[in-house]
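I am opening a fresh page for a structure I have not looked at before. Come along and read over my shoulder.

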Amino acid sequence: MDTFAIGLLCVRCGARYPLLARAACSSCLTGLDAPSIEDSSLSQTLAVEYDLDALRRSMDRDRLRSRPSGLWKWAELLPVADPACRIDVGAGGTRLVPLTRLDGSLPVRLLAKVEGQNPTGSFKDRPIGIAASVAQALGARTLACMTSGNIGSAMAAAAARAGLPAVIFLLASGGVSAGLQVNLEKLGQMRAYGATVLCPEASVLTLTRLAAALTRELGWTWMHDLPAYQAEGDKTTAFEIAEQLGWDPPECVVVPAGTGTNLFGIWKGFDELRRLGFTTSVPRMVAVQPAGADPMVEALRRGDAVMSPLDAVRPNIALPITHRVTGHHAYESVRQTGGTAVAVTDGEIRQALLDLAGREGIYCEPASAAALAGARKLLEMGALAPGSRVVCVLTSHGLKDGRAIGSWFGSAVPVEATLDAVRRAVASPAR
Ligand SMILES: [Zn+2]
């Protein structure tokens with residue numbers, strides 16, 4: 001299983017680069033100073049390119065069925081040539097669940113891709129699994145990242161599996177996450193995997209400069225320097241969805257979108273399958289963002305060619321998708337597929353989370369439940385054709401944010417241990 005990756009391609013200007021660590025397209029960023037680059041959606045335009053014509057001649061979609069599930073099932077379509085560098089924590093192979101109790105009276109079929117099933121409890125095991133493997137292939141001695149949580153857990157697990165040290169900068173007190181706190185569940189996970197977790201007090205721009213200095217002086221490899229490779233992990237979500245639906249892709253995929261790398265990666269996966277002749281269609285891609293942290297919604301409303309960053313974001317219950325700007329690559333994939341972006345409120349996210357848990361038995365993080373809230377918004381808008389299959393990507397497990405979700409409820413009800421008392425208690429339950 002050799003890789004068919006041949007280089008990097010800018011999805012905006014078409015510039016090509018060799019298959020090496022490169023964070024962004026220098027042509028697209030020409031003329032921008034450092035703070036502007038930090039804020040620019042154009043810092044995310046690079047994608048790994050494959051020799052699909054050659055691969056089409058040697059790969060048979062039916063033969064894929066016999067391979068074990070997981071990221072490396074798709075090794076020809078991933079950018080890691082040396083099998084010894086392929087880090088495997090068991091990511092991927094998650095369930096695609098028809099939401100039959102939620103969509104019974106709806107004109108569309110809803111399905112959930114349950115990414116909380118991944119080993120660290122979030123979809124980040126896919127992008128970080130690939131980026132960390134690329135880092136290893138490039139000779140990394142220490143893996144490093146900046147994160148509000150899930151990337152850190154995924155990187156710490158990958159580093160542990162690879163036997164590499166991990167250093168995590170928590171973005172809990174500065175920059176884009178001002179006023180928001182990382183939760184203890186994620187912190188405990190990172191520490192248990194053996195990562196060093198630091199919480200620097202500085203803007204993201206300052207941290208980005210510090211990261212570059214640490215790379216130069218100490219040889220650290222940062223996950224944010226490998227965004228194009230992260231999207232390669234994300235695209236395996238699309239490969240699995242297509243295979244799970246008998247190579248008949250859904251009409252629409254709804255993805256919670258912060259940086260948008262996941263949404264872009266999923267689009268890229270469907271696009272590659274179509275170009276390989278494994279499928280004949282690509283779904284409409286829909287981004288869901290929290291109201292007040294919805295740069296793509298604003299950009300589409302204005303018809304902008306290039307998205308502008310929001311001046312500020314409003315705090316909400318979906319921290320992992322709270323960003324001032326979304327990558328240009330995600331914006332392009334939404335527009336190219338006739339998709340859209342919708343904003344959802346905390347109340348809508350919370351209701352979606354409770355419906356997924358209480359009616360389908362799927363417990364996810366608020367940022368994940370935003371996908372169902374977004375699908376409901378599309379229905380209200382009349383933006384889904386009757387009979388459409390709509391896949392909601394539920395990015396993370398509810399246990400990732402368990403304390404916050406727990407605070408929505410009162411404490412457990414004390415009850416006298418008698419038949420009558422229990423009967424009375426269940427007849428009028430305190431919620
Ligand atoms: Zn470019």
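**Entry 1: a long-range salt bridge.** I started with the side chains of E365 and K186, which meet in a salt bridge at 2.7 Å, N to O. A note to self before going on: this is a predicted model. I then looked up where the two partners sit. E365 is in the loop between helix 12 (346-360) and helix 13 (366-380), while K186 belongs to helix 6 (residues 184-192), so the bridge ties together parts that are 179 residues apart in sequence. Buried or exposed, I wondered, are E365 and K186? Both turn out to be buried.

**Entry 2: more salt bridges.** How many salt bridges does the count come to? I got 25. I picked out another one, where the side chains of K377 and E348 meet at 2.8 Å, N to O. K377 lies in helix 13 and E348 in helix 12, so this pair ties together parts that are 29 residues apart in sequence. I checked the cover on each partner. K377 has 16% relative accessibility, so I put it down as buried. E348 has a relative accessible area of 26%, so I wrote "partly exposed" next to it.

Next I turned to helix 15, where R423 and D420 are three residues apart, a separation of about one helical turn. Their side chains meet in a salt bridge at 3.7 Å, N to O. R423 counts as exposed, because its relative accessibility is 52% and the cut-off is over 50%. D420 is partly exposed, with a relative accessible area of 45%.

I also jotted down a network of salt bridges that links K113, E115, R126 and E240.

**Entry 3: a surface patch.** I looked for nonpolar side chains on the surface and noted a patch formed by V415, V422 and V426. Together these three have about 250 Å² of accessible area. Where is V415 placed? I found V415 in the loop between helix 14 (402-406) and helix 15 (419-427). V415 is partly exposed, with a relative accessible area of 45%.

**Entry 4: the zinc ion.** Which protein atoms are the donors of the zinc ion? My list reads C10 (SG), C13 (SG), C25 (SG) and C28 (SG), lying 2.2 to 2.4 Å from the ion. I noted their spacing in sequence as C-x2-C-x11-C-x2-C. C10 and C25 link distant parts of the chain, 15 residues apart: C10 is in strand 1 (residues 5-10), and C25 is in the loop between strand 2 (16-17) and helix 1 (34-39). Both C10 and C25 are buried. I then looked up the angles among the four donor atoms, which run from 104 to 119 degrees, and the site is tetrahedral. For reference, I wrote the ideal angle for four tetrahedral donors in the margin: 109.5 degrees.

**Entry 5: aromatic rings.** My count of aromatic pairs came to five. The rings of F169 and W222 have centres 5.3 Å apart and planes at 65 degrees, so I filed this pair as edge-to-face. F169 is in strand 7 (residues 166-170) and W222 in strand 9 (residues 220-222), 53 residues apart, so the pair links distant parts of the chain. F169 is buried, with a relative accessible area of 4%, and W222 is buried too, at 1%. The rings of W220 and W222 have centres 5.9 Å apart and planes at 45 degrees, so that pair is tilted. W220 is buried, as is W222. I closed the page with the cluster that ring pairs make of F169, W220 and W222.

Note on methods:
Residues are numbered from 1 along each chain as its sequence is written. This is a predicted model: local features need pLDDT of at least 70, side-chain atom pairs count only at pLDDT 80 or more; totals for chains, interfaces and linings use all residues. Side-chain values use heavy atoms; hydrogens and water are left out. Patches are made of residues with over 30% relative accessible area and no salt bridge: like charges are joined within 9 Å, nonpolar side chains (Val, Leu, Ile, Met, Phe, Trp, Tyr) within 5 Å. Accessible areas come from the Shrake-Rupley method with a 1.4 Å probe; for residues, only the protein chains shown count as cover. A salt bridge is a side-chain nitrogen of Lys or Arg within 4 Å of a carboxyl oxygen of Asp or Glu. Helices (H or I, at least four residues) and strands (E, at least two) are DSSP runs, numbered from the N terminus. Buried means under 20% relative accessible area, exposed over 50%, partly exposed in between (1.4 Å probe, protein chains only). Donors are N, O and S atoms within 2.8 Å of the metal (3.2 Å for Na, K and Ca); water is not among the atoms, so sites may look incomplete. Four donors count as tetrahedral if all angles lie between 85 and 135 degrees; four count as square planar and six as octahedral if opposite donors are over 155 degrees apart and all others between 65 and 115; anything else is irregular. Rings of Phe, Tyr and Trp (its six-membered ring) pair if their centres lie within 6.5 Å; planes under 30 degrees apart count as stacked, over 60 as edge-to-face and the rest as tilted.
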